[in-house]
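Reader: Hi! I have a new structure open and would love some company while I look through it. Could you walk me through it?
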Amino acid sequence: MKICSVYLLAVVAFMTACWENTSAAEESSTGLSFNIATYNGRLLRAFGENETTYERRRRALIKTLPESEADAICIQEAFLPDDIDAIVESSCKAFPYHHRTTVPGPDPTHAPCEAGPVNTYLACAAVRCSSASSSIEFLACTYLLCRDELNGLGQECVHCNLLFSHLGTASFTFCQQPGVRTSSTHGLLLLSKRPLSDEKEFTFNENEVALLTRGYLSAMVEDVGHIFCTHLSTPPEGSSLYFGPSMFSNYVEEQTHQLSQLFSAAHAATEGSYYSVILAGDMNHGPDIQERIVSQFPSVYDRVLASGWADSYIGLPVNESTAQCTFCFSNPLITPEPNRTLKGRIIDHVYVPNEDASRVKGTKRFYDEPIVFEGHSLYLSDHFGVQLEYTPPVFKMEYTDLVEDWKSSFGEWKQKFANLGQGC
């Protein structure tokens, strides 16, 4: 009888707990304040940046990131595996959890490029593109007139030559050396102070060689929701030409396609879930604001807002007097723009669903001033970061869910006590 009494008390306690939470989709708050940030670290040599300056900036960024007050950071343009390793190692105490793009391990026998395809590509370039007057013109020419030869190099070889383009044509010789560790992935890294699960990685248009591959990382952050970390396509600095997959004719088409894949994945991740979703990254699109902020692919930005996403950093209606650029023309790491009186662009974003916009408690720009490092004043990147303070939602289960859970648990408890008290 003692076992029976315990059994009945357990059932009553469980039913009481259930009936206290029967409001359909009653929403509550975790009370958790979560800071999510996006930052393009530009871990590759900027145009005109010498090796000494770049290496100093790289060391400064790797040292500074662990000091961030963010709870999760979506980092872009960490293309080289050694750079990702260094960031993860230096940040492991502040950010014990991370999700990174998949990269091959060190292989002293492997070279990113092979001599045969390189010679074929350079022969085509010598015949068809010898009159190019700049590196951008040369790139555009080979992309248009030597496309088959470019594809023949393979994605890893193309990436290697772009990442080491400061070497000039010597990059082709450098990238044929065994042991050179480069990557054909999209240079993304997600750092988190909270545990991650359900980590995924996706590459846009992976069946065609690109100058830089694009894609996203996604992960479920404990008690917060799914975060998607991405970097959308854009032309190289100083060029308005299109260097994307042949299935598109311009970057508006390509970004629209990338976003459709991103939105579909975000919807699938949260379908049937009580958690929300956040999209963060260098989106490479943004609005025009009072002739101070220059737009970039504004039709794509408008499409994002029309698809049910809120841009809390800018706000709607836009606060035109305080809107701050994230890619600012005053930054010396940026190739000079035609009109320096303009502030720059807002192309780094953290989007949340419209229904969660009220949960955003504040936004700010960060790493937007030069720092002193090793006795030198420097900017960490050509981008400034965007951080959003967010209160994640938690939904109590609906009544029907509670009934099913109660039935399941009741059956489990019944079986357990039947096994213990066979004479009950």
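Reader: To start, what percentage of the 424 residues in the protein are buried?

Author: Happy to help! Bear in mind that this is a predicted model. Buried residues make up 49% of the 424 residues.

Reader: And how many helices and strands are there in the protein?

Author: The protein has 11 helices and 18 strands.

Reader: What about its surface, how much does the protein expose?

Author: About 19,800 Å² is exposed, and carbon and sulfur atoms supply 54% of that area.

Reader: Let's zoom in on strand β2. Is it enclosed or open, and why?

Author: Strand β2 covers residues 34–40, and 7 of its 7 residues are buried, so the strand is largely enclosed by the rest of the structure.

Reader: Which residues point which way from β2?

Author: Phe34, Ile36, Thr38 and Asn40 point one way, while Asn35, Ala37 and Tyr39 point the other way. Residues on both faces are buried.

Reader: Which strand pairs with β2 in the antiparallel sense?

Author: That is β17, residues 385–390, which pairs with β2 over 5 bridges. If you want a spot to click on, Phe34 has Tyr390 in β17 as its bridge partner.

Reader: And which one pairs with β2 in the parallel sense?

Author: Strand β3, residues 72–76, pairs with β2 that way, again over 5 bridges. Here Tyr39 stands opposite Ile75 in β3.

Reader: Nice. Switching topic: what is the strand order in the open sheet of 6 strands?

Author: The order is β6-β7-β8-β9-β13-β10, and the pairing is mixed. At the edges sit β6 (196–203) and β10 (309–311), each of which pairs on one side only.

Reader: How much are neighbouring strands of this sheet turned against each other?

Author: By 20 degrees on average, with direction ignored.

Reader: Which helix packs on the sheet, and where does it touch?

Author: Helix α10, residues 298–306, packs there and touches β10 and β13. The direction of α10 makes about 120 degrees with that of β10.

Reader: Back to β13: how many bridges join it to β9?

Author: There are 4 bridges between β9 (residues 276–282) and β13 (residues 348–353), and the two strands run antiparallel. Among the paired residues, Gly281 has His349 in β13 as its bridge partner.

Reader: One last thing: what share of the contacts with a separation of 6 or more comes from residues 24 or more positions apart?

Author: Residues that far apart account for 75% of those contacts in the protein.

Notes: Residues are numbered from 1 along each chain as its sequence is written. This is a predicted model: local features need pLDDT of at least 70, side-chain atom pairs count only at pLDDT 80 or more; totals for chains, interfaces and linings use all residues. Side-chain values use heavy atoms; hydrogens and water are left out. Two strands pair if DSSP finds at least two bridges between them. Axes are lines fitted to C-alpha atoms, for helices over the stretch in contact, and angles run from 0 to 180 degrees between N-to-C directions. Contact means heavy atoms within 4.5 Å. Buried means under 20% relative accessible area, exposed over 50%, partly exposed in between (1.4 Å probe, protein chains only). Accessible areas come from the Shrake-Rupley method with a 1.4 Å probe; for residues, only the protein chains shown count as cover.
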